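This report walks through a few features of one protein model for someone who has not seen it before. Please look over the sequence and structure first, then read on.

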Amino acid sequence: MASPDELLHLDDLLTDEERSWRDRAREFARSRIRPHIDEDFENRHFRRELVGELGAAGFLGMHLQGYGAAGAGAVSYGLACLEFEAVDSGWRTFLSVQGSLAMTAISSFGSEEQKQRWLPAMAAGEAIGCFALTEATSGSDPAGMLTTAVRDGDGWVLSGHKRWIGLASVADIAVVWAKTDDGVRGFLVETGTPGFTATPIDTKLSMRASIQCDVVLDGCRVPLDAVLPAATGLGAAFSCLNKARFGIIWGVMGAARACLEAAIDRSLTRESFGRPIGQTQLVQQKLADMFVEYEKGMLLALHIGRLEERHALAPDQLSVGKLNNVRQAISIASQARSILAGDGITSEFPVMRHMANLESVRTYEGTDEIHTLVLGRALTGLAAF
Ligand code: TGC
């Protein structure tokens, strides 16, 4: 009997350094997060005390160079995302918001002073960042944002309402995207600034061990040097989303693997009609289908990872990965749930939690529909949005 990761020997395609990052991430996620995750999901609890440990272990902004970041390769970062999401999407989301979104925005578009001020603290987990782009009426179309930043004397005044902003209520610094007379710009807003309020959305039935917030900017005044100098236009925000989409392509394969493993395990211990259900053709067909899609998703993630390492990864290619891997992870989770039968809807198994989380992952960082239309545009040259 082979485990899902042994059958195709995908390990052979990784370097020693990549395997080392993968193993350390797996150990951290399994020993520090998994013991509490069901309780945290149930209680809507984000275990903030782990953030410093994640920083000390090098996982925050690990793909960035300098300023305290680990400087790991793209595939290593992807594998870490996978191992955290194998425990819970909420924690991979934390890595994405901190590293792929907030730290990437500062690293790519910030002034030297902004980088010195924030990146080492964020890499160490001493400061938490969030990324305020989405609004209630402009999720798929950030260009339709209503938040504004107006020059006023020696500063900028930000006004608007952002929604679904990960970690905002525990963040120290927010990267806020707003319309100016000069187009969309990014601003670093310290969350203690008067006029900045973040309120967790606590009616969520998904991603409950993580935090997503409504953010109100009510005449929030920031100094002139709060603007990210090199972030001119919405393309800057999209380039950060690209990094988060990359992490998702890998991460969801972790959730898929966890569901597949739970289903295999259950197929050997649960008996029906006098034999293990794993000895029936219908269950074996489901397991084989799940496994094949998992391995294809891994190969796709790895191909995309190698492109990223060569700086040759295009946004349309990320859409292939996000669309396919989230879709297949959801399908794998759903088939696992059916193999677990009634037990599959209980919290005694991780499958229903992963299913609920994956519904968020399908929606954020570009919905299935948006990535479908990006590919439609790539194939026809015609934009349908
Ligand atoms: P358009 O508005 O015309 O584009 C503006 C500029 O951006 C460029 N661009 C990109 N650049 C790099 N990478 C990408 N993926 C890019 N997509 C667009 C574009 O070329 C243009 O540049 P320029 O120089 O011409 O000004 O938009 P478009 O027509 O190109 O794209 C439309 C569409 C629908 C594909 C795009 O709006 C889109 O991707 N929408 C989805 C938005 C999305 O993913 N939102 C998620 C927000 S973050 C989140 O969900 C939660 S974060 C985690 C948390 O906080 O918990």
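## Salt bridges and their surroundings

Aspartate 16 is exposed, with a relative accessible area of 60%. The model is a predicted one, and every value below is computed from it. The partner of aspartate 16 in a salt bridge is arginine 19, with 2.8 Å between the closest N and O atoms. Arginine 19 is partly exposed at 23% relative accessibility. Both residues belong to helix H2 (residues 16-43), where a spacing of three residues puts about one helical turn between them.

A second salt bridge joins aspartate 343 and arginine 266, at 2.2 Å from N to O. Aspartate 343 sits in the loop between H9 and H10, while arginine 266 is part of helix H7, so this pair ties together parts that are 77 residues apart in sequence. Aspartate 343 has a relative accessible area of 30% and is partly exposed, whereas arginine 266 is buried at 15%.

A third salt bridge links aspartate 368 to arginine 362, with the closest N and O atoms 3.3 Å apart. Here aspartate 368 is buried, at 15% relative accessibility, and arginine 362 is partly exposed, at 29%.

The three pairs are set out below.

| Acidic residue | Basic residue | Closest N to O distance |
|---|---|---|
| Aspartate 16 | Arginine 19 | 2.8 Å |
| Aspartate 343 | Arginine 266 | 2.2 Å |
| Aspartate 368 | Arginine 362 | 3.3 Å |

In the whole structure, 26 salt bridges are found. Some residues are joined in a network of these bridges, made up of Asp5, Arg26, Glu83, Arg257 and Glu261. In general, side chains of opposite charge can pair when their charged atoms come close.

## Helix H11

Aspartate 368 is also one of the buried residues of H11, together with Ile370, His371, Val374 and Leu375. Helix H11 covers residues 368-380, 13 residues in total, and spans 18 Å from its first C-alpha to its last, close to the 18 Å expected at 1.5 Å a residue. What do the buried residues of H11 pack against? They pack against three helices: H7 (234-269), H9 (315-339) and H10 (351-363). Just after H11 comes glycine 381, which has a positive phi of about 80°.

## Cysteines

How many disulfides does the model contain? The count is zero. A disulfide is a covalent bond between the sulfur atoms of two cysteines. For cysteine 220, the closest cysteine sulfur belongs to cysteine 130 and lies 11 Å away, too far for a bond because the cut-off is 2.5 Å. Cysteine 259 is likewise without a bonding partner, because the closest cysteine sulfur, in cysteine 81, is 17 Å from its own. Cysteine 220 is buried, with a relative accessible area of 0%, and cysteine 259 is also buried at 0%.

## Cavities

Rolling a probe the size of a water molecule over the atoms shows where empty space is left. In this model, two cavities of 30 Å³ or more are counted. The largest cavity has a volume of about 140 Å³. Its lining consists of 15 residues, and those nearest the centre are Leu10, Leu14, Arg22, Leu79 and Met298. Helices H2, H4 (74-87), H7 and H8 (281-309) each give two or more residues to this lining. Which element gives the largest share of the lining of the largest cavity? That share, four residues, comes from H8.

## Two further residues

Glutamate 85 is located in helix H4. Is glutamate 85 buried or exposed? Glutamate 85 is buried, at a relative accessible area of 0%. Leaving aside residues up to four places away in sequence, glutamate 85 touches Arg92, Gly251, Val252, Gly254, Ala255, His354, Leu358 and Val361.

Proline 200 lies in strand S6 (residues 196-200) and is partly exposed, with a relative accessible area of 40%. With residues up to four places away in sequence again left out, proline 200 touches Ser169, Ile211, Gln212 and Cys213. Between the C-alpha atoms of proline 200 and glycine 305 there are 33 Å, and the two residues are 105 residues apart along the chain.

Conventions:
Residues are numbered from 1 along each chain as its sequence is written. This is a predicted model: local features need pLDDT of at least 70, side-chain atom pairs count only at pLDDT 80 or more; totals for chains, interfaces and linings use all residues. Side-chain values use heavy atoms; hydrogens and water are left out. The expected span of a helix is 1.5 Å times one less than its number of residues. Buried means under 20% relative accessible area, exposed over 50%, partly exposed in between (1.4 Å probe, protein chains only). Contact means heavy atoms within 4.5 Å. A salt bridge is a side-chain nitrogen of Lys or Arg within 4 Å of a carboxyl oxygen of Asp or Glu. On a 1 Å grid over the protein atoms alone, a cavity is a set of points where a 1.4 Å probe fits but cannot get out, and a pocket is an open set with protein on both sides within 12 Å along at least five of seven lines; lining residues have an atom within 4 Å of a point. Grid points are joined across faces, edges and corners, and a volume is the space filled by probe spheres set on the points.
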